[in-house]
Amino acid sequence: MMAVQNLTRRIRRSNVQKAHWLRTAVLIGFALLCFTCARVCVCACACAFSFRAANEVAKETVALPKTAVAPPKSEACEDAKFKFPYPGVFPFCRLPNELLQRALPRRVPDPGMALLSKKLLRGDLVRVLALGGSVTVGHDCTTPWGAVGNDCAWPTHLEAWFRQRYPRSNVRVTNAAVAATSPKVVVHSLGSLASTIKPDLVILDFLVNELDDDYQTALHYEKLIVIVWQLFPDSAVLSVEGACTAKMARGRLACRRHLVGHLHIVDYHQIPTINYVDVVDYGLGRRLNWSCSFKPAFSCRRPNLWAPNHHPAWHTHVYMAVAIAYGMTQYLSRAATYNGSTLVPLHLRPTFNSRSALDSLSVCIQPQKTYDARFAPRQRNWTWRLFEDRPGKPGWISTLRGARICFDLDFGAHPFMGISYLRSYEGMGQANISMNGCTIPIAGLWGKHASVADTLVLNAARRWVYDDKMFEGDARRRCGFHVAQNSTKELCITHGGGGKFKILQVFSC
């Protein structure tokens, strides 16, 4: 009898414990369900709020000119002297002054900035020329309010800031950047730009596309600045050191090496600089107190200072414009009180690199004849097709071995010719350029892990040339084109097999 009673008590005790654990499990499950429902409701409310704000901004900006920056709806920084029209479409984090100050490696008195400051304060027409690669073009950039490409890139955001900061002045920013170009490529097109625009400010943004070694990087960058100052002697020059891709560690290391080469040049010549590389490194490496442009605060995330790919998103373009605008505010305020004498033009001053090294870089400033794939009419050539294999990057392209295309070139008193073509690490072939009985091979394939334009410039008057600029290793002596002064010759390019070959530009001087 006692055994039966003990067994009954154990069963009851076991049932009570099971019921207790069951009630506990039910309560925990109910609490998790409530927490999940609360999060869903909060996210839904935030999305609804954001989309409603986006619709309101879209309705308000229908009749406005097409610009990359929406109407200002919030303040930008704690600094009362610096305000930037941040987009009010989605929650946007503001950059603290602690971070913006990293963009200014040095503050120098600059006579070009002094002239620019006077024009802005008087309310004159001010022209700004932006030069760079695909980042400056705005490749793969689209804003939530529909701005694409150039209208999404940082030069357009900067123009919006200029017009807000100096409402009396008519500021026009011309984005003349070309995708996949470096200083040694763009320098040959400056002559044609000089005939169409007289800028008061020239902004250079080429760090991302620098692929040469340290010495060549500094050499080509100084050559570009010398030519810019030679063509635009009264213009201010601003060097923007944009960040590089964060996909590969070696890309970041290369970016740092090329940044040192640029800084050697700008420090030597005391050129105003915006070091956005330090902004990215400093911002991503430290937990700063980011503030939001509007509530709710939980919807604000850390700023997208640089996307982990080759072409940053629209957030990055806005932040680059913010850093440039902050730097321009500092430089212009300092230049307004500049009373120094006008400096000797840069192309007449002593240079960081030797004059003989700079003169060895042949530059065709005023081309006699130019064929540019961006502006050329469509041709009926089935073996060399003119089209865009990537959006915004047209060229004469062929994959057929033996395909031939020819260009008529006019030469002046000092005959020079050049060809810009795509170079990459895979899928590229080779070609042969022929003129006046001489044939020289060029290769589209190289060992650098990048796809950018390269430019070959040759003295067309010589009987012999060396191909040390075209091939790795020992230079080889080749025949020259031996072109007479003030003559016209036909240059033909024949596909040599091996893959795709893409021609971007052909010019002669």
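This passage looks at a helix, a helix pair and a strand with its two partners in a predicted model.

We can start with helix α3, which spans residues 111-122. Its twelve residues reach 17 Å from the first C-alpha to the last, close to the 16 Å expected at 1.5 Å a residue. Buried residues in α3 are Pro-111, Gly-112, Met-113, Ala-114, Leu-116, Ser-117 and Leu-120. Their cover includes the helices α5 (154-165) and α11 (314-335), together with the strands β2 (125-132), β3 (170-175), β4 (201-205) and β5 (236-241). After α3 comes Gly-123, with a positive phi near 85 degrees.

Two of the helices that help to cover α3, namely α5 and α11, also meet each other. Two packed helices are described by the angle between their axes and the distance between the axes. For α5 and α11, the axes come within 8 Å and cross at roughly 45 degrees. Because angles between 35 and 65 degrees fall outside the parallel and perpendicular ranges, α5 is oblique to α11. The crossing is right-handed. On the α5 side, the contact involves Trp-154, His-157, Leu-158, Trp-161 and Phe-162. These residues meet His-317, Val-318, Met-320, Ala-321, Ile-324, Ala-325, Met-328 and Thr-329 of α11.

Further along the chain, strand β18 (residues 488-495) runs antiparallel to β11 (residues 404-410), and seven bridges join the two. Ile-405 has Ile-493 of β18 as its bridge partner. Strand β18 also pairs with β13 (residues 430-435), again in the antiparallel sense, over four bridges. Here Ser-434 is bridged to Cys-492 of β18.

How values were computed
Residues are numbered from 1 along each chain as its sequence is written. This is a predicted model: local features need pLDDT of at least 70, side-chain atom pairs count only at pLDDT 80 or more; totals for chains, interfaces and linings use all residues. Side-chain values use heavy atoms; hydrogens and water are left out. Two strands pair if DSSP finds at least two bridges between them. The expected span of a helix is 1.5 Å times one less than its number of residues. Buried means under 20% relative accessible area, exposed over 50%, partly exposed in between (1.4 Å probe, protein chains only). Contact means heavy atoms within 4.5 Å. Axes are lines fitted to C-alpha atoms, for helices over the stretch in contact, and angles run from 0 to 180 degrees between N-to-C directions. Angles under 35 degrees count as roughly parallel, over 145 as roughly antiparallel, 65 to 115 as roughly perpendicular and the rest as oblique. A crossing is left-handed if the near helix is turned anticlockwise from the far one by less than a right angle, and right-handed if clockwise.
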